[in-house]
Amino acid sequence: MVNVPRLVIAAPSSGSGKTTVATGLMAAFAGRGLAVSGHKVGPDYIDPGYHTLATGRPGRNLDAYMCGPELIAPLFAHGAQGCDLAVVEGVMGLYDGASGQGELASTAQVAKLLRAPVVLVVDASSQSRSVAALVHGFASWDTQVRIGGVILNKVGSDRHEALLREALDESGVPVLGVLRRAEQVAVPSRHLGLVPVAERRGDAVAAVAAMADRVRGGCDLEALMGLARSAPAVPGAGAWSAAEAVGACGGAVPLPAPSRNRGSAPDPAPQTPEGLGTVIAVASGPAFTFSYAEHSELLAAAGATVVPFDPLRDEALPEGTRGLVIGGGFPEVYGPELSANEPLRKAVAELAASGAPVAAECAGLLYLARSLDGLPMCGVLDAEARMSERLTLGYRDAVAVSDSVLAATGTRMRGHEFHRTVLEPGAGDAPAWGMHQPERRVEGFVQQGVHASYLHTHWASAPGTARRFVERCKG
């Protein structure tokens, strides 16, 4: 059962200060010598990077839409094993979830699944006595959600603080912290949210340290720890295990036959360094920061050796590469550098042409295109990519419409789209996915061993995906 002291940091709405408070708490408690586990509700890839800096452990996501409510407690237990405290940062407003799906994927749902007390971060900059009505409304909306305290953010003065505290005395919800308006921590943002840690390492370390200082100075850490320890055990929730998940897939996974260019010779067997097993290269570095920790864990459990590489710097794929995973990120920000690395672009194109498995999501899809904003990319896909003013964002229900190295035709998966780019055409002769929301369409490319799509997926919900990919790499 899950019995780790834990807190959920939530807010009435986005922009209230959840990330500052959650990350600051993680760093402040880690600075006391505690083992702290950081988690993020929803599909966000960026905030967990700051959690990793704060705790020294992988930041992890808890997404009840993509993984299902039944996996929330096991995934949480997996990430929090051996920890003294777990801090879960919420998403949007406390009760906001998947559009039209009730409480599904909301912070409130995750708090209930984890039986975790909630600390509500309130932007108090434009209110005084009304704060009590706001907190009372959130605390009484769903009696299964336990709001154990409030942290007041953007408080203007001692007088303002006194008015807020006086009002909240009547609500019965204790004030566990007050953060002043003049002490905001600057964390740079751009078109898809905060700038990832990998792009501003030194500045990010300083920002996390500033968040910790701010929280230490304004919050009652003893009371917050006491609240975390009051969380009851979650019965029947064993920790998720990548090995068990892959093993539960059964025997060999049916695979499509490798597709080759007509008349091409058989591929020579790649030379794998002794003792490394099946090498799967995973794109990393500032341009490709979007990845769930469980993906690499599943690949390793399926028998792969996961080797990261940086397409901005490395001119060759890792020695013995048998498969390639290129996740999401910001290739549009690093287009000139990615394009200038012609040796690596050629190596990726040659690997794809050989029929080797390549899984590309979002940024990876753009990197495999002929060009991005007019700059040459890998040329694996006959498509052109460009930046757009339109934000494409939301959960998706998808079905595989082409047999691929990731999924058999008819496989259903839930995923998430998050980009400001357009690819023309948006689908190949053999599309990757069919979707019915927000409109019916096909999307992505399946050709030879390549599966490329805008859709982000969480493989913990379908561990057979990782096993299928690794088995195909073994060939």
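Me: Why is aspartate 142 called buried?
Reply: Happy to walk through that one, with the reminder that this is a predicted model. Aspartate 142 has a relative accessible area of 15%. The word buried applies under 20%, so with its 15% aspartate 142 earns the label.

Me: What makes lysine 112 and aspartate 142 a salt bridge?
Reply: The closest N and O atoms of lysine 112 and aspartate 142 are 2.8 Å apart. The limit is 4 Å between a side-chain nitrogen of Lys or Arg and a carboxyl oxygen of Asp or Glu, so the pair qualifies.

Me: How do you know that lysine 112 and aspartate 142 link distant parts of the chain?
Reply: Look at where they sit. Lysine 112 belongs to helix α4 (residues 107–114), while aspartate 142 is in the loop between α5 (130–141) and β6 (147–155). The two are 30 residues apart.

Me: What makes the pair of lysine 40 and glutamate 89 a salt bridge?
Reply: Their side chains meet at 3.2 Å, N to O, and the cut-off is within 4 Å, so this pair counts too. Here lysine 40 comes from strand β2 (residues 36–41) and glutamate 89 from strand β4 (residues 85–89), 49 residues apart.

Me: Why is lysine 40 called buried, and why does glutamate 89 count as buried?
Reply: Lysine 40 has a relative accessible area of 5%, and glutamate 89 is at 0%. Buried means under 20%, so the term fits lysine 40 and glutamate 89.

Me: What makes arginine 370 and aspartate 382 a salt bridge?
Reply: An N to O distance of 1.7 Å between their side chains; the condition is within 4 Å, so the pair is included. Arginine 370 lies in the loop between α13 (363–368) and β14 (371–372), and aspartate 382 in the loop between β15 (375–376) and β16 (384–400), so parts twelve residues apart in sequence are tied together.

Me: Why is arginine 370 called partly exposed, but aspartate 382 exposed?
Reply: The 35% of arginine 370 falls between the 20% that bounds buried and the 50% that bounds exposed, so partly exposed is the term. Aspartate 382 has 56%, and exposed means over 50%, so it gets that name.

Me: How many salt bridges does the structure hold?
Reply: The count is 20.

Me: How do you know that helix α3 is mostly covered?
Reply: Nine of the nine residues of α3 (residues 72–80) are buried, among them Ile72, Phe76 and His78. What covers the buried residues includes β1 (6–10), β2, β3 (60–62), β4, α4 and α10. After α3 comes glycine 82, with a positive phi near 80 degrees.

Me: What makes the phi of cysteine 362 worth a remark?
Reply: The value is positive, near 55 degrees, in a residue other than glycine. Most residues other than glycine have a negative phi. Cysteine 362 sits in the loop between β13 and α13, and at 5% relative accessibility it counts as buried.

Me: What is the phi of aspartate 373, which is not a glycine?
Reply: It is positive as well, about 50 degrees. Aspartate 373 is in the loop between β14 and β15. With a relative accessible area of 41%, aspartate 373 is partly exposed.

Me: Why is the peptide bond joining glutamate 424 and proline 425 called cis?
Reply: Its omega is about -5 degrees, and the bond is listed as cis. Most peptide bonds are trans. Proline 425 lies in the loop between β17 (412–424) and β18 (433–435).

Me: How do you know what lines the largest cavity?
Reply: Lining residues have an atom within 4 Å of a cavity point, and 18 residues line this one. Phe290, Ser291, His295, Val325 and Gly327 lie nearest its centre. The volume is about 190 Å³, and the lining divides into 13 nonpolar, four polar and one charged.

Me: What makes up the lining of the second largest cavity?
Reply: Seven nonpolar, four polar and one charged residue. Glu361 is among the lining residues, and Glu counts as charged, so Glu361 is a charged member of that lining. This cavity has a volume of about 70 Å³, and β13 and β21 (450–453) each supply at least two lining residues.

Notes
Residues are numbered from 1 along each chain as its sequence is written. Side-chain values use heavy atoms; hydrogens and water are left out. Helices (H or I, at least four residues) and strands (E, at least two) are DSSP runs, numbered from the N terminus. Buried means under 20% relative accessible area, exposed over 50%, partly exposed in between (1.4 Å probe, protein chains only). On a 1 Å grid over the protein atoms alone, a cavity is a set of points where a 1.4 Å probe fits but cannot get out, and a pocket is an open set with protein on both sides within 12 Å along at least five of seven lines; lining residues have an atom within 4 Å of a point. Grid points are joined across faces, edges and corners, and a volume is the space filled by probe spheres set on the points. Contact means heavy atoms within 4.5 Å.
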